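Work through the exercises below with the sequence and the model open. Try each task before reading its solution.

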Amino acid sequence: MLCRREFRGAAALSEQGTAYGSAQATDLFFGQKGILRAMAGGAGDLKSIQETNRRLVLQMLVKQAPVSRATIARMVQLSPSTITNAVAELIADGVVREVGAGDSSGGRKPILLDVNWGARHVLAVSAEADRISAAWVNLQLQSDLRLDLALERREDCLAVAQEAVARLLRERSPRTAVGIGVAAPGLLDRGKGAIVNAASYGWRDIPLAAALEDTFGLPAWIENDVNAAALGEGCAGAGRGLGDFAYVLVDNAVGAGLVVDGRLALGAMGNAGEFGHMTIDWNGEECACGGRGCLERSVCWPVVRRRLEEEGLDAAREEPVPYDRRALLHRLSSSRRENRALRTTAAMLGAGIASLINLTDPRAVILEGVFSRAPAFIDWVQAEVARRMRGLQRDVPPILPGELGDAATLAGAAVMAFERSGLSARAVDGVRV
Ligand SMILES: [Zn+2]
């Protein structure tokens with residue numbers, strides 16, 4: 001699973017017999033950057049080794065606390081004296097504390113160590129069509145400060161993000177901040193920390209994370225918004241403990257984030273998960289991507305709304321403006337009246353999800369977006385998936401509604417920033433972001 005998955009760094013460490021093996025533990029989701037950073041000091045750099053050991057011990061504590069020094073030494077395969085030194089430094093830094101005695105297995109009772117969960121923070125930033133959201137998030141993925149700043153002009157995206165981060169840092173202590181995680185739509189250049197092209201937002205070549213890094217002197221990383229939401233659900237929501245799952249977002253557009261063996265599957269160019277452009281009608285309606293009959297053209301909200309209106313339902317007049325699309329779809333799908341528009345949509349989405357399951361074999365598919373509060377609709381999708389896979393004689397994974405809703409994106413941006421900065425987060429129940 002994502003946050004409490006097996007401590008692979010420790011295994012790597014014991015196999016390689018070098019402290020640098022632990023660098024692998026610092027980078028659970030993304031390949032090279034963290035590893036290169038941890039190795040940059042070279043084998044003879046004592047400071048770098050000590051820093052790596054501290055991170056390893058802290059990572060272990062975040063996952064397992066409260067534990068004793070002896071338990072940590074056993075689990076990370078470092079000598080007791082190395083652990084004692086690393087713990088002393090972490091206590092001096094205020095990140096770790098002693099919390100009393102544990103059970104004895106014969107001798108003296110061991111002293112247990114816990115994490116000061118509020119001693120490190122990240123700033124999570126999400127760029128959306130009409131707003132920039134930003135939150136100050138601790139190691140338990142909890143936030144006591146979130147800002148949602150309206151984006152009146154889309155071209156102000158960078159300036160508004162900078163304002164949001166500046167306000168968070170003014171109101172909280174920048175001393176405890178370790179990095180900034182940015183979630184953004186479209187094609188990204190992760191190395192450059194930039195949005196390359198988010199066509200439907202009109203954003204081209206916006207160095208969103210890079211500019212935040214330059215302005216505030218904190219490392220910043222960018223990830224696709226749907227991928228970030230998948231990370232958030234995996235760490236603190238419906239994907240907890242799953243390890244392999246697909247996160248599907250159906251809203252104005254359709255996308256997916258794939259988590260395989262506890263990691264985001266990004267693909268060679270970082271563009272994996274374009275589920276909306278899966279062909280479900282080979283000669284169907286033309287799509288902006290250049291293809292035809294894409295799933296997005298059949299199940300995204302504007303198309304569903306048009307379908308509902310063709311059946312005589314003026315969606316916009318059904319609810320107060322701005323009406324709640326989720327509540328509307330919940331009501332329509334659970335009413336006794338047969339709703340052909342929604343049944344058709346569910347069948348089309350079911351066809352797409354059956355293909356996704358055949359391709360990626362997830363433990364579950366998490367469905368978020370306009371249909372996530374419509375259990376009857378999700379049941380129809382599930383039935384269509386089962387029908388399309390009935391000859392395969394296999395268990396069909398469940399389709400689960402997302403648990404975090406819109407907060408998944410910020411939670412995931414925070415998870416990413418902690419992981420990329422060499423820490424990790426441990427969500428507590430009832431995550432607030
Ligand atoms: Zn397309």
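Four exercises follow, each with a worked solution.

Residues are numbered from 1 along each chain as its sequence is written. The model is predicted: local features need pLDDT of at least 70, side-chain atom pairs count only at pLDDT 80 or more, and totals for chains, interfaces and linings use all residues.

**Exercise 1. Confidence**

Find which helix has the lowest mean pLDDT among the elements of the chain, and which the highest.

Solution. Start with the scale: pLDDT is the predictor's confidence in each residue, from 0 to 100. The chain average is 85, and 86% of the residues score at least 70. Next, rank the elements; helices (H or I, at least four residues) and strands (E, at least two) are DSSP runs, numbered from the N terminus. Helix α1 (residues 8-16) is lowest with a mean of 28, and helix α7 (residues 208-216) is highest with 98. Finally, check residues 1-43: pLDDT stays under 50 there.

**Exercise 2. A helix pair**

Determine how the axes of helix α3 and helix α4 cross, and which residues make the contact.

Solution. Axes are lines fitted to C-alpha atoms, for helices over the stretch in contact; angles run from 0 to 180 degrees between N-to-C directions. The axes of α3 (residues 46-64) and α4 (residues 69-76) come within 10 Å and cross at roughly 110 degrees. That makes α3 roughly perpendicular to α4 (the class spans 65 to 115 degrees). Now list the contact residues, with C-beta atoms, placed from the backbone, within 7 Å. Helix α3 supplies Leu56, Val57 and Met60; α4 supplies Ile72, Met75 and Val76.

**Exercise 3. Strand β5 and its partners**

Trace the pairing of strand β5 on both sides, starting from Trp136.

Solution. Strands pair if DSSP finds at least two bridges between them. Seven bridges join β4 (residues 121-127) to β5, and the two run antiparallel. Leu123 has Trp136 as its bridge partner in β5. Seven bridges also join β5 to β6 (residues 143-150), again antiparallel. Trp136 stands opposite Leu145 in β6. Then inspect the turns. Three residues link β4 to β5 in a hairpin. The hairpin of β5 and β6 has four, and Leu141 takes a positive phi near 60 degrees. Last, burial: seven of the eight residues of β5 (131-138) are buried (20 or more other C-beta atoms within 10 Å of their own, all placed from the backbone).

**Exercise 4. The five-stranded sheet**

In what order do the five strands of the open sheet lie, and which are the edge strands?

Solution. The order is β14-β13-β12-β15-β16, with mixed pairing. The edges are β14 (263-264) and β16 (399-401), each pairing on one side only. Inside the sheet, six bridges join β12 (residues 245-250) to β13 (residues 254-260), antiparallel. Tyr247 pairs with Gly257 in β13.

Definitions and conventions. Two residues are in contact if their C-beta atoms, placed from the backbone, lie within 7 Å. Angles under 35 degrees count as roughly parallel, over 145 as roughly antiparallel, 65 to 115 as roughly perpendicular and the rest as oblique. A residue is buried if 20 or more other C-beta atoms lie within 10 Å of its own, exposed if 12 or fewer, and partly exposed in between; C-beta atoms are placed from the backbone.
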